[in-house]
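Student: Please take me closely through one part of this model, the pairing of its strands, and then through the packing and backbone details that go with it. I would like one connected account, with each term given its cut-offs.

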Amino acid sequence: MTRWEGLIGVLLLAGATGLGAEEIYFQGQNHFEASSDTEREREIVEEWLDLDLYGGPIHLGLQWSAFPYPDPTVSDPDLTGFESITHRFAELEWNRQKLRVGTFTQLFGRGLALRSYENRDLRLDSNLDGALYEISSPGRWQATFLRGAVDTGPMEHFARRHAGRVTGMDLERSLGAYRAGSSTVIMDTPGAERHKGYQTLRGSASGEQVQLDYEGGFRFGDGTEGQGHILEGSVLYGPFSLFAGYKYYEEFAGLNQAPVLIHDQRATLLNRHPHQLDMNDETGFMIDLSTRTPLGSFLASYALTEHLDGKPGENDFLEAFLEWDNYFSGDFLLSAHAILDYQEKSVITPLDSWESDAYLTLATDVRLGLGSWELMLEWEHQHKDSELTGEYDDDFLVAELLARNGWSLSVLGEFLNWTEEHQELEGETDFRSRWSGVQLAGPIGDAHEIRLFAGGRRAGYICIGGVCRYEPAFDGVELSFQTRF
Amino acid sequence: MRSAKILGILLILLIGSGAALAEGKKLPRLTITDLDGKKHKVEEFLGEGPVLLNFWATWCKPCLAELPKVAEFQKEWADKTGLKLIAVSIDDPRTQKQIKPFVHTHKFEFPVYTDSNQEALRKLGGRGVPFNVLISRDGIILDAHSGFKESDTEKWVELMLAASPSVESEETDD
């Protein structure tokens, strides 16, 4: 934060404290996670404390984060812990205008030119530190201007935060069912001779039954020829919905997100073997056809994402699935869901060998009402056929009992019929075929939520929108405790 | 120094245990986006009756299980209290164009908005979905917590009636 930004912050703070006491209120939240892996003798404690003060048009906030032990996904052995105020800001809103100084996250359009955000599940935080100004005319136009410092290193390395500078402007105009917008983002990176810029345009037309959206742009400033485009449309007709999308993305990575044409799935095993986006060079398309019948809702989907020809690496992904779900108003059967999914991915492995894996997955869950209790049963079966490792099956089972007061008790199990040879080829170091665990979760009063897990969990990815985080294998006890006040 | 900070947090936790929650506080300024991309202030929806904000996502299994129940509750109380249900999806901004067909296929009969960068959810103290927030017609947060429990409906009725004494008297007259 520069000196003038700090000055504005102090002025806002002074304004907030100058307001009448009856207008000021305070809100806080504490999120604590701790785990002890008894097999690997590894303990992790993580802590986020958010404090917010609201007073009339002013909002002051800060977040304190602590990671006394390193995140397991961070490979830097020198990074043994971290604690700091990671967010602090002052915000003033008046007459459809907003001024914020300090840390902030921001999304331009759908994120093609700029998206900074925080996601704790992915342990990702790409906030900016600087100033943001927004002004809008209701239903007609909106303009956003920002300038801030941003981390240019790996997200987990908080110590390297705020090394580069970003300047951005976004304009959007609405005309009835039509909308058009433009984003400009310029990034200055330490050590780089020239800044790099991103210019995008977007437009959409929406009606009761038809919607069409486009966003595309090019890169400028540093001599690299880059471009990104996404075109999506949907048609709703009677009980049917048709959705189709196309994307092209080349040399366009920055403080933004590549467009994605895949689904975030509900099944655990489908999320564990997803497609990790190439943040620079991809093209692809997706077609969804869904319908509603007296027997429930059906969705048929086909999506293909391919690495651009001539670019280094290989990262192709195909997914086709048929999904059904239904919600019942009866006392006994409450809901049912099933998905039959085929995924095929081709990647260059870390050992530089090419690998193609196919996954056929059947996942189903049913929720039953038992008086004042609910029982949820889930079974997922996945068959893997890999050119490198061969074939084997994975079964994942969950039984969850949910009480009327919000407490739930879950028993989880996972069973693989793989051999030691499979496991060696997969790079597994501790040969194992079974994992099981038990989880207890629920509210304590109105202010606290607790989750306790004991047992084992197989390594895998957590993915949201094509952005993934690797979760190592775990055996031990895990506690999550959240408090709002 | 670290010990002092950790002690400070424990103190806050202890105070928090006994202090008033987000409930009873004024609704902060929240912006959500409709499925056509237009931005709206949540306060625009207040005035005629209480508002129930349900944060959900297309990939969230418990959300999809609870939404029909929450919708049923809203229908039951819409006439008596003017209760509105607003479902706010936190689906990733890059997949949010899939929401409109999803809503159509699942025949959601309530308005659906998006909070792609999760700023509204965060301002309300939520850290994941499902998350429900009941707001009185004059913008006071009556209840806010993760998930949906069967017992929530009784609590929400009590809170709505307490916040709108005129409705309570009509109920009594009946």
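Tutor: Strand 14 of chain A is joined to strand 15 (residues 210-220) of chain A by 10 bridges, and the two run antiparallel; strands here are DSSP runs of E with at least two residues, helices are runs of H or I with at least four, both are numbered from the N terminus, and two strands pair if DSSP finds at least two bridges between them. This is a predicted model, in which local features need pLDDT of at least 70 and side-chain atom pairs count only at pLDDT 80 or more, while totals for chains, interfaces and linings use all residues. Residues are numbered from 1 along each chain as its sequence is written, and chains are lettered from A and ligands numbered from 1 in the order in which they are written.

The connection between strands 14 and 15 of chain A is a hairpin of three residues, and within the pair R202(A) faces E215(A). Strand 14 (residues 196-206) of chain A also pairs with strand 13 (residues 178-188) of chain A, in the antiparallel sense and over 10 bridges, with Y178(A) and A205(A) as bridge partners. Chain A as a whole has 30 strands and three helices. Of its 485 residues, 34% count as buried, that is, 20 or more other C-beta atoms lie within 10 Å of their own, against 12 or fewer for exposed residues and numbers in between for partly exposed ones, with C-beta atoms placed from the backbone.

In chain A, E251(A) lies in the loop between strand 17 (240-250) and helix 2 (268-272), and its phi is near 50°, positive although the residue is not glycine. Because E251(A) has 15 C-beta neighbours inside 10 Å, it counts as partly exposed. Most residues other than glycine have a negative phi, and most peptide bonds are trans.

Chain B offers another pairing pattern: seven strands form an open sheet with mixed pairing, in the order 2-1-5-4-3-6-7. Strand 2 (39-41) and strand 7 (141-146) of chain B are at the edges with a single partner strand each, so one side of each has no neighbour in the sheet. From one strand to the next the twist averages 30°, where axes are lines fitted to C-alpha atoms, for helices over the stretch in contact, and angles run from 0 to 180 degrees between N-to-C directions. Within this sheet, strand 4 (residues 84-89) and strand 5 (residues 112-114) of chain B run parallel and are joined by three bridges, one residue pair being S89(B) opposite T114(B).

Helix 2 (residues 61-81) of chain B lies across strands 3 (51-56) and 4 of chain B, at about 170° to strand 3; contact means C-beta atoms, placed from the backbone, within 7 Å. The largest nonpolar core has 38 residues, and among those touching the most other members are L53(B), F55(B) and V88(B); such a core is a set of buried Ala, Val, Leu, Ile, Met, Phe, Trp, Tyr and Cys residues joined through C-beta atoms within 7 Å. Helix 2 of chain B gives this core its largest share, six residues. Not counting residues up to four places away in sequence, V88(B) touches, among others, I32(B), L53(B), F55(B) and T114(B). Finally, V129(B) and P130(B) are joined by a cis peptide bond, with omega about 0°, and P130(B) is in the loop between helix 4 and strand 6 of chain B.

Methods:
Contact = placed C-beta atoms within 7 Å.
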